[in-house]
Amino acid sequence: MKIVVLDGYTENPGDLSWEPIERFGELQVYDRTPYDEDEIIRRIGDAEIVFTNKCPISARVMDACPRMRYISVLATGYNIVDVQYAGQKGIPVSNVPTYGTAAVGQFAIALLLEICHHVQHHSDAVHQGRWSESPDWCFWDYPLIELDGKTMGIIGFGRIGQTTGRIARALGMRVLATGSRPTPEGRAIAEYTDLDTLLAQSDVIALHCPLFPDTQGIINRKTIAKMKDGVILLNNSRGPLVVEQDLADALNSGKVFAAAVDVASTEPIRPDNPLLGAKNCLITPHISWAPKESRERIMACSENNLGAFLEGEPINVVNRAWLPA
């Protein structure tokens, strides 16, 4: 049985092993595959099992690779696969649903704390000799912000949103949340409310919702206008949740005090992305998910996904509704 990994580098840049997958068959791992359908088709060839992270698998690719029996996404998001068409062709598509909950929640708070304290900037300033030369016993170049008593609003309150909320509570923050399915666990952390109330009352707004048609562009000129002046915005969920030009305009006007994003509408980020030139905007290269511990969980779950498929009982299937009965 032939197995191909189309874009394995970000999952395993060399600190993990592909052995758990290799034990199932003849494995070919590509670090990166261009987002070109002809090249994707060539690399899949006659493989039966395909692993992908961000490399797209379209209907045309599936039609051109008739031996393909199973697709496993090395991530939670699976919008890069035409899952409905895969189901119609009888190809189960599995994902990794819960590998990065702790890491992504932790990173959201790291983004917030960097805005509040600019730790790296001040450390660099000390190493540059500015403290040694200071006429005062201390100095700071940016406003320093205390979070205790402030309100965090979290849009999307699943596992990751709740993790961020628990940390925010530990910092003394009040937590508001919007979510499609309020749960007792969520209510123990946050007050569920409607979006307009959350926008109006929050000092910090964190995005932890999936990208669906009704959430695309949820942060835009109109919703920003409903926010407090001087709000802080965090997004380490999905780039298209934000209309980036509208956020850049709000940062430059001061309506939004600061933003920190780990994602962009197009990744890698385009050089003309308006957030690159906006005031008080911290941007990191989509690394919330990437601690080794999280990637180990991806590998372990992917191994289990493939094993279950080969035993005839596939798990974590995202397109079950379209598979033949």
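**Group meeting: strands, a helix and a pocket**

Okay, let's start with a pair of residues: Val4 sits across from Gln28, which belongs to β2. Keep in mind that what we're looking at is a predicted model.

That pair belongs to the contact between strand β1, residues 2-5, and strand β2, residues 26-29, which run parallel and share four bridges. β1 also pairs with strand β3, residues 49-52, again in the parallel sense, this time over three bridges. If you want a residue to click on there, take Ile3, which faces Ile49 in β3.

Now over to another sheet. Seven strands make it up, and the order across this open sheet is β8-β7-β6-β9-β10-β11-β12, with parallel pairing. So which strands stand at the edges? Those are β8, residues 191-192, and β12; each has a single partner strand, so one side of each has no neighbour in the sheet. Further in, β10 and β11 are joined by five bridges, also parallel, and Val231 is opposite Val256 in β11.

Next, helix α11, which covers residues 244-253. Its buried residues are Glu244, Leu247, Ala248, Ala250 and Leu251. Why do they line one face of the helix? Look down the axis of α11: the buried residues fall within an arc of 165 degrees, so one face is where they end up. As a general reminder, an α-helix has 3.6 residues a turn, so residues three or four places apart point the same way.

What covers those buried residues? The cover includes α10 (221-225) and the strands β10 (231-235), β11 (256-261) and β12 (281-283). Just after α11 comes Gly254, with a positive phi near 90 degrees.

Last stop, the second largest pocket, with a volume of about 200 Å³. Where does the lining come from? α5 (101-117), β11 and β12 each give at least two residues, and β11 has the largest share, with three. Among the lining residues are Glu114, Ile115 and His118, then Tyr142 and Pro143, then Phe257, Ala258 and Ala259, and also Cys281. In terms of class, the lining counts eight nonpolar, two polar and one charged residues.

So, to tie it up: β11 pairs with β10 in the sheet, is part of what covers the buried residues of α11, and supplies the largest share of that pocket lining. β12, for its part, is an edge strand and gives at least two residues to the lining as well. That's it from me, thanks.

Terms used
Residues numbered from 1 in each chain as written. Predicted model: local features only at pLDDT ≥ 70, side-chain atom pairs only at ≥ 80, totals over all residues. Heavy atoms only, no water. Buried < 20%, exposed > 50% of the residue type's maximum accessible area, 1.4 Å probe, protein only. Arc of directions from axis to C-beta. Contact = heavy atoms within 4.5 Å. 1 Å grid on protein atoms, 1.4 Å probe; cavity = no way out; pocket = protein on both sides within 12 Å on 5 of 7 lines; lining within 4 Å. Points joined across faces, edges and corners; volume = space filled by probe spheres on them. Nonpolar A, V, L, I, M, F, W, Y, C, P; charged D, E, K, R; others polar. Pairing = 2+ DSSP bridges.
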